[in-house]
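Please open the structure in a viewer for a short guided tour. The tour moves from the surface of the whole chain to its metal site.

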Amino acid sequence: MAILKIARMGHPVLRQVASSIEDPGAPEVRRLVADMLETMQDADGAGLAAPQVYVPKRLVIFSVSGARAERAAEEAADGGSESEEAEEEVPLTVLINPVVEPLTEEMTAALEACLSVPDLAGSVPRYTAVRYRGLGLNGEEIVREATGFHARVVQHECDHLDGILYPQRMRDLTSLTFTSELHAQARAEAAE
Ligand code: NI
């Protein structure tokens, strides 16, 4: 296993449409997933898409602990969002050739960050409920319905496969913020 370098906004690999994985069971896919897991954990990310490690293939991984989901819900509230996103844990999921379909027209905005856009966060509208399907690491078909933060993470990660980063999904850039400023403001509010 190895910790991989993460591509940052501006690198062309993040703008390209990734290609399907033809043989999900191939040893190189397994190796890539193992390295992506280690990279995501090292970077303390909730998800990672293969193009972020310079591999333009349709593969994402994600995992959300209860603590992180709770933090996300709090940050969404701090961001003035009206959302009541569920504090839902997301099991560690490997998704090959994923397809995401919205189950509602309803969207809600909440803060997102991305390992490829370091030190920043911004408010992004996402569908509140989606169904996603894809193949797991053992070739099994995964079909799940997701809401709240879970749905948000899936939409964010799968956007990477189409060359889309979250700032492109923002309706305006007013909420684009350095995370260090967010933390400073949170500390100031806590001190009041
Ligand atoms: Ni991202």
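How much area does the protein chain expose, and what share of it do carbon and sulfur atoms supply? In this predicted model, the exposed area of the protein chain is about 10,000 Å², with 49% of it supplied by carbon and sulfur atoms.

Display the C-alpha trace next. Along its principal axes, the trace of the protein chain spans about 55 × 35 × 30 Å. The radius of gyration is 16 Å, which agrees with the value near 16 Å that a compact globule of 192 residues would have. Of these 192 residues, 45% are buried.

Now switch to a cartoon view. The protein chain comprises four helices and eight strands, and from the N terminus on their order is α-β-β-α-β-β-β-β-β-α-β-α. Where contacts link residues at least 6 apart in sequence, 70% of them join residues at least 24 apart.

Colour the charged residues. The protein chain carries 17 positive and 32 negative charges, and the mean positions of the two sets are 8 Å apart.

Select the nickel ion. Which residues of the protein are its donors? They are Cys114 through SG, His156 through NE2 and His160 through NE2, at 2.1 to 2.3 Å from the ion. Along the chain, the donors follow the spacing C-x41-H-x3-H.

Finally, select helix H3, residues 148–161. Both His156 and His160 lie in this helix, four residues apart, or about one turn. Are these two histidines buried or exposed? His156 and His160 are both buried.

Definitions and conventions: Residues are numbered from 1 along each chain as its sequence is written. This is a predicted model: local features need pLDDT of at least 70, side-chain atom pairs count only at pLDDT 80 or more; totals for chains, interfaces and linings use all residues. Side-chain values use heavy atoms; hydrogens and water are left out. Helices (H or I, at least four residues) and strands (E, at least two) are DSSP runs, numbered from the N terminus. The radius of gyration is taken over C-alpha atoms; the globule rule is 2.2 Å times the number of residues to the power 0.38. Buried means under 20% relative accessible area, exposed over 50%, partly exposed in between (1.4 Å probe, protein chains only). Contact means heavy atoms within 4.5 Å. Accessible areas come from the Shrake-Rupley method with a 1.4 Å probe; for residues, only the protein chains shown count as cover. Lys and Arg count as positive and Asp and Glu as negative; His and the chain ends are not counted. The place of a charge is taken as NZ of Lys, CZ of Arg, CG of Asp or CD of Glu. Donors are N, O and S atoms within 2.8 Å of the metal (3.2 Å for Na, K and Ca); water is not among the atoms, so sites may look incomplete.
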